[in-house]
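Please consider the following model with attention to its charged side chains, its helices and its nonpolar interior. The discussion begins with ionic pairing and then turns to packing.

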Amino acid sequence: MRPVSIHTAAWRYPGAFPDANFNFAHLKRFAQTLERGRFDAFFMADHLALLNMPMQALKRSATVTSFDPLTLLPALAVVTERLGLIATASTTYNEPYHVARKFASLDHLSGGRAGWNLVTSGNPHEAMNFGLDEHVEHSTRYRRAREFFDVVTGLWDSWADDAFIRDVETGIYFDPDRLHVLNHKGRDLSVRGPLNIARPIQGWPVIVQAGSSEAGRQIAAETAEVVFTGQNNLADGQRFYADVKGRMEKVGRSRDHLKIMPGAFVVVGDSLDEAREKKVRLDALVHPDSGMASLSVQLGHDASKFDLDGPLPEIPESNASKSAREKLILKAKRENLTVRQLAQYVGGSYGTLEMIGTPAMIADQMEEWLVTEGADGFNVMFPYLPGGLDEFVDRVVPELQRRGLFRKDYEGRTLRENLGLPRPANRFFPKP
């Protein structure tokens, strides 16, 4: 399990810390609470620009200020011992040498707890922050991402695990025969190498993906070890699970070497009615400007120009995220939602499975997903912080442990060990 809060009104909920995402004291407490609850990892999303929405909506968003993940997570590594530390780094507007070096550093500094959420940028404003006038085309972003993965992992394999002999008598620091120069020249990238940092403790930091489009599923099957996904019901979850795991087998990977974790928006109460009242109270704090702007971002079109009380019109293709757009179009048609209703949904717990009720009821839902191949774990999302996290750790985690569904202690010291993932072999220096 890994935590996040995605509700646009979470910072406004009574008892919430409004600056939860930009106060190190709060973030330190959250990470330590997660570790007490034996969570797999702390995850930090990232954007390389402000969200592309009108100022009327942007001024209500808590996303406008946040720490750089690869500055924050090393600091959290110092105040935790077993908790994994996963950060987003885009393959669209980063260079592979930078990404490889930063994540290798995090892995060493944390004792083997790093994870890389490999994403393609969806925000066209990011392009303008990197010298471009328009966003890179969708298929090009995914093609570059696939090559980017090969380069980064190749750089991580620059050194054999036993390359650094550090012989003070002879004055030899490393064995030149245990160093590989990558010399990659591909369609989108050219990187000489080698990386100027030893191979990560985990071999490679854990590779995380979040794409659910056709291209996203394929790159996940080929490269990912954890997939965050948004499936709203068990049937959809099972289809996604079977599809991605089946693709893995076709490319020669073991199904067990990838953990699928759908988003679960969890609201805990002493009763179902109390939990529902919390959700209603939270949703009521979503300002219409925020919901409409969020819907526009996901559709790749200005939804404010639509008839707000009419059905969602035909939405042409755009250069935005395809999986998000398709899910919203299907939901609007399936549930006969107006544009206004769809906007309120997107401004709330959009794209997640809602688990609302008592600790036992939430554990029942999680158990059903886990035992019927709908999920290997969950990307847990809280209605507000810190209260939503505290309630989950203090009340839901013990119920999951009692049922034998969740660990009582960490299996190892590295993120790979705790997720049950193998350490990848070095492609250039295979063990005999």
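In this predicted model, the count of salt bridges comes to 32. Side chains of opposite charge can pair when their charged atoms come close. One such pair is formed by Glu391 and Lys278, with N and O 2.8 Å apart. Glu391 belongs to helix H14 (residues 387–402) and Lys278 to helix H9 (residues 272–283), so the salt bridge ties together parts that are 113 residues apart in sequence. Both Glu391 and Lys278 are buried.

Helix H9 also holds Asp283 and Lys279, which are four residues apart, about one turn of the helix. These two form a salt bridge whose closest N and O atoms are 2.6 Å apart, and both residues are buried. Lys279 meets a further partner, Glu354, in a salt bridge of 3.2 Å, N to O. This second pair links distant parts of the chain, since Glu354 lies in strand E10 (residues 353–357), 75 residues from Lys279. The relative accessible area of Lys279 is 8%, so Lys279 falls under the 20% limit for a buried residue. Glu354, at 32%, is partly exposed. Elsewhere, a network of salt bridges links Asp157, Asp161, Arg199, Arg423 and Arg427.

What is the position of Lys259, a residue that is buried yet has no salt bridge? Lys259 is placed in strand E9 (residues 259–268). The nearest side chain of opposite charge, that of Asp256, is 5.6 Å away, and a salt bridge requires a distance within 4 Å, which is why the two are not counted as a pair. The side chain of Lys259 does, however, reach the backbone oxygen of Asp256 at 3.3 Å. Among the residues that Lys259 touches are Glu225, Asp376 and Leu419.

The nonpolar interior comes next. In soluble globular proteins, nonpolar side chains tend to be buried together. Here the largest nonpolar core has 64 residues, and those with the most contacts inside it include Phe39, Trp116, Trp156 and Phe392. Helix H6 gives the largest share of this core, eight residues. A second, separate core of 16 residues includes Ala303, Leu337, Val339 and Val346. Helix H6 itself (residues 138–156) is mostly covered, with 14 of its 19 residues buried.

Helix H3 (residues 69–78) has seven of its 10 residues buried, so this helix is largely enclosed by the rest of the structure. Its covering includes helix H1 (24–36), strand E2 (41–44), strand E3 (84–90) and helix H4 (96–110). At the N-terminal end of H3, Asp68 acts as a cap, with a side-chain oxygen 3.1 Å from the backbone nitrogen of Leu70.

Terms used:
Residues are numbered from 1 along each chain as its sequence is written. This is a predicted model: local features need pLDDT of at least 70, side-chain atom pairs count only at pLDDT 80 or more; totals for chains, interfaces and linings use all residues. Side-chain values use heavy atoms; hydrogens and water are left out. Helices (H or I, at least four residues) and strands (E, at least two) are DSSP runs, numbered from the N terminus. Buried means under 20% relative accessible area, exposed over 50%, partly exposed in between (1.4 Å probe, protein chains only). Lys and Arg count as positive and Asp and Glu as negative; His and the chain ends are not counted. A polar contact is a pair of N or O atoms within 3.5 Å; within protein, one must be able to donate a hydrogen and the other to accept it, and residues adjacent in sequence count only if both atoms are side-chain atoms. Contact means heavy atoms within 4.5 Å. A nonpolar core is a set of buried Ala, Val, Leu, Ile, Met, Phe, Trp, Tyr and Cys residues joined through side-chain atoms within 4.5 Å. Lists of a residue's contacts leave out its neighbours within four places in sequence.
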